[in-house]
Structure formats: C-alpha cells, structure tokens
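User: I would like a close look at one part of this protein, namely the strands and how they pair with one another. Please also say where the cysteines stand.

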Amino acid sequence: MGKRQAAKSENPKHMTKIGGQALIEGIMMKGAEVGAMACRLPDGKIEMETWKENNGANMPWYRECPFI
C-alpha cells in the first residue's frame with residue numbers, strides 16, 4: 001500500500017450534522033438537536049433565538065408515506 005492510501009485509512013472523514021444559512025443581517029444554524037438564529041436589529045443589538053429540532057422524530061404516519 002502506498003503512502004497516500006495509508007494516510008487515508010488512518011484519517012477517516014468525519015461527517016457533521018450541522019448546517020447554516022445566511023439571513024438578511026443575520027445567520028441561522030441547525031444542528032442535530034438544536035436550531036438557532038441570530039439577527040442584528042436596527043439599533044445595532046443582536047437578537048438570538050434557539051429552538052429544539054424535531055428532525056422527523058414522532059412524525060405522523062401520513063408524513064412518512066410517499067405521495068403518488
């Protein structure tokens with residue numbers, strides 16, 4: 001096995017479940033369990049809000065069925 005292949009097997013990639021999106025004057029981030037949003041108000045203060053993410057847990061049966 002070459003050096004390049006050995007290095008790849010020793011350092012596996014780590015996939016994350018965190019994502020984000022830019023908002024007008026702010027940012028929104030979503031993780032596996034919590035979401036957060038921060039926006040700059042007109043007076044210059046930063047307002048932040050967090051919430052618990054459901055991510056499909058306890059979804060009703062009709063949301064899991066494919067629509068034909």
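Analyst:
**The strands and their hairpins**

A search of the whole structure, which is a predicted model, finds zero disulfides. A disulfide is a covalent bond between the sulfur atoms of two cysteines. As for exposure, Cys39 has a relative accessibility of 21% and therefore counts as partly exposed, since buried would require a value under 20%. Cys65, with a relative accessible area of 43%, is partly exposed because exposed would require over 50%.

To place the strands in the chain, the secondary structure comes to two helices and four strands, and from the N terminus on the elements run α-β-β-β-β-α.

The pairing begins with strand S1, residues 19-23, and strand S2, residues 26-30, which run antiparallel to each other and are joined over five bridges. Within this pair, Gly20 stands opposite Met29 of S2. The hairpin of S1 and S2 has two residues between its strands, and Glu25 takes a positive phi near 60° there.

Strand S2 also pairs with strand S3, residues 34-40, again in the antiparallel sense and over five bridges. Here Lys30 has Gly35 of S3 opposite to it, and the hairpin that S2 and S3 form has three residues between them.

Strand S3 in turn pairs with strand S4, residues 46-52, in the antiparallel sense over seven bridges. Arg40 has Ile46, in S4, as its bridge partner. In the hairpin of S3 and S4, where five residues lie between the strands, Gly44 takes a positive phi near 100°.

Met29 deserves a second look, as this residue of strand S2 has a relative accessible area of 35% and so counts as partly exposed, which lies between the limits of 20% and 50%. Together with Ile18 and Ile27, Met29 makes a nonpolar surface patch of about 270 Å². In a regular strand the side chains alternate between the two faces of the sheet.

Seen over the whole chain, buried residues make up 6% of the 68 residues, and the accessible surface comes to about 6700 Å², of which 58% belongs to carbon and sulfur atoms. Among contacts between residues at least 6 apart in sequence, 2% join residues that are at least 24 apart.

Definitions and conventions
Residues are numbered from 1 along each chain as its sequence is written. This is a predicted model: local features need pLDDT of at least 70, side-chain atom pairs count only at pLDDT 80 or more; totals for chains, interfaces and linings use all residues. Side-chain values use heavy atoms; hydrogens and water are left out. Two strands pair if DSSP finds at least two bridges between them. A disulfide is a pair of cysteine sulfur atoms within 2.5 Å. Buried means under 20% relative accessible area, exposed over 50%, partly exposed in between (1.4 Å probe, protein chains only). Patches are made of residues with over 30% relative accessible area and no salt bridge: like charges are joined within 9 Å, nonpolar side chains (Val, Leu, Ile, Met, Phe, Trp, Tyr) within 5 Å. Accessible areas come from the Shrake-Rupley method with a 1.4 Å probe; for residues, only the protein chains shown count as cover. A salt bridge is a side-chain nitrogen of Lys or Arg within 4 Å of a carboxyl oxygen of Asp or Glu. Contact means heavy atoms within 4.5 Å.
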